[in-house]
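Trainee: I should like a close look at a single part of this structure, the sheet, together with the spaces and the aromatic rings described for the model. Please set these out in one connected account.

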Amino acid sequence: MQRLAWIVLAGIGFSNKGDDLNWLYDVEFSVSDQSEQERVVALREGLETVMIRITGLRELPDSPLIDEAFDDLNAYQLQFRYEQEPFSDNGDIGMRLIINYDENAVRALIRGAELPVWSSQRPRVLFLISIVDGQRRSVLNAADSNWLQDAIRVAAFRRGVAFSQPLMDFTDRTILREGAIAFNFVESVTPLKRRVQADLVSVARVDPLVFDQHRVWLTIYDATGQRMQVFDDGDLAATVVEVVDRTADYLAQRYAVSAGEAAALHLAVTGIEDIVEYKAVLDYLSKWEFIDRVLLSAVKHDRIEFELRTASTWEQLSIYFDEDGFLTRHPVTSQSSDQIAEYGWQNPN
């Protein structure tokens, strides 16, 4: 199948924790003309990419329903438009195709195909990727504009990963000393994470080629600890893409809600003092894509009981609640299937 060149805006990978990644349903491609043939290729590749972002999967599985969707591409796009822009240093004019997909239609397709759902409320990742350039080891930084950075941005854009990279200015170089670059990032992770307001740090030390293979030491640091993987790859661009993909795999495994039949989870929220806060709680619960309905069950003073219709388990749902911090679990509560989970509302204002 013909593959089109991605256009990735410089800041597209950045977001604040808890913000929707509003670009998850948008794609942009470089195209040579406005022909229907090239547009169909772009629509197909774009729909595949959007579904990969929302499901957290590296590749889509074989599915008759997905095959039917690719035969009816117009049912999933809201609009498309063409824009002209400078394409090269010599002043040639290029063209890009911008496609906006229908969130509701895509989510219905994913639900029908029984695929997992990874919420658009996603953590920001700080990538610390160390490579050997000539005789010197260096960390890829946000100010770089080269083929490796393009590979990282395209891979993150395809997987729906919001990311940052260090600036490697004086402050970063002070935090990330030469010895840390060569041997161990551990002491530098927390201050760098704090500086860019990241939620998770993915550290990759890429060693030089030995027998046509790069050895990669990948460690992911989150609130629960650290996890290390070691793998080999022969191509440097493919290596940094694999770092992004393995990080995205971890995030999807942690956050994506598995496909399944919706069931009822019962939630009691305390600390709601007025109608404004009640609406805020309702809006908060309704924003999660994997919660189909939020029903009011009972009101007892400042304690309000909800029934959540969702395919999620309490274990999955509590990961989102705990990391957001707007709903705080009462420590005495046991979240078994036959009990009501007790949470306290923390007014974000």
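Mentor: Let us begin with a space enclosed in the model, which is a predicted one. Tyr25, Ile54, Arg107, Val117, Trp118, Ser120 and Glu289 line the second largest cavity. Four of these lining residues are nonpolar, one is polar and two are charged. The volume of the second largest cavity is about 30 Å³, and a search of the whole structure gives two cavities of 30 Å³ or more.

Val117 also appears in the lining of the largest pocket. That pocket holds about 300 Å³ of space. Its lining comprises 19 residues, and those nearest the centre are Arg111, Val117, Ala259, Gly260 and Ala311. Helix H3, residues 103-112, gives the largest share of the lining of the largest pocket, with three residues. By character, the lining of the largest pocket consists of ten nonpolar, three polar and six charged residues.

We now turn to the sheet. It is an open sheet of five strands in the order E12-E13-E11-E15-E14, and its pairing is mixed. Strand E12 (291-300) and strand E14 (327-329) are the edge strands; each has a single partner strand, so one side of each is left without a neighbour in the sheet. From one strand to the next, the twist averages 35°.

The pairings can be followed along this order, starting from E12. Eight bridges hold E12 and E13 together in the antiparallel sense. Within this pairing, Ala298 is placed opposite Glu305 of E13. E12 and E13 make up a hairpin that has two residues between the strands. One residue of the turn, His301, has a positive phi of about 60°.

On to the next pair: strand E13 (residues 303-310) is joined to strand E11 (residues 263-270) by seven bridges, again in the antiparallel sense. Here Ala263 faces Thr310 in E13. E11 is also paired with strand E15 (residues 341-345), in this case parallel and through four bridges. Leu267 has Ala341 of E15 as its bridge partner. The antiparallel pairing of E11 with E13 and the parallel pairing of E11 with E15 thus both belong to the mixed sheet. As a general point, side chains in a regular strand alternate between the two faces of the sheet.

The aromatic rings complete the account. A pair of such rings is described by the distance of the centres and the angle of the planes. In this model the count of aromatic pairs comes to 15. Ring pairs connect Tyr255, Tyr284, Trp288, Phe290, Trp314, Tyr320, Phe321, Phe326, Tyr343 and Trp345 into a cluster. Tyr255, a member of that cluster, has the charged end of Arg254 over its ring, at 5.5 Å from the ring centre. A further charge is placed over a ring where the charged end of Arg215 sits above Trp217, at 5.9 Å from the centre of the ring.

Key: Residues are numbered from 1 along each chain as its sequence is written. This is a predicted model: local features need pLDDT of at least 70, side-chain atom pairs count only at pLDDT 80 or more; totals for chains, interfaces and linings use all residues. Side-chain values use heavy atoms; hydrogens and water are left out. On a 1 Å grid over the protein atoms alone, a cavity is a set of points where a 1.4 Å probe fits but cannot get out, and a pocket is an open set with protein on both sides within 12 Å along at least five of seven lines; lining residues have an atom within 4 Å of a point. Grid points are joined across faces, edges and corners, and a volume is the space filled by probe spheres set on the points. Ala, Val, Leu, Ile, Met, Phe, Trp, Tyr, Cys and Pro count as nonpolar, Asp, Glu, Lys and Arg as charged, and the others, Gly among them, as polar. Rings of Phe, Tyr and Trp (its six-membered ring) pair if their centres lie within 6.5 Å; planes under 30 degrees apart count as stacked, over 60 as edge-to-face and the rest as tilted. A charge sits over a ring if NZ of Lys or CZ of Arg is within 6 Å of the ring centre and within 35 degrees of the ring normal. Two strands pair if DSSP finds at least two bridges between them. Axes are lines fitted to C-alpha atoms, for helices over the stretch in contact, and angles run from 0 to 180 degrees between N-to-C directions.
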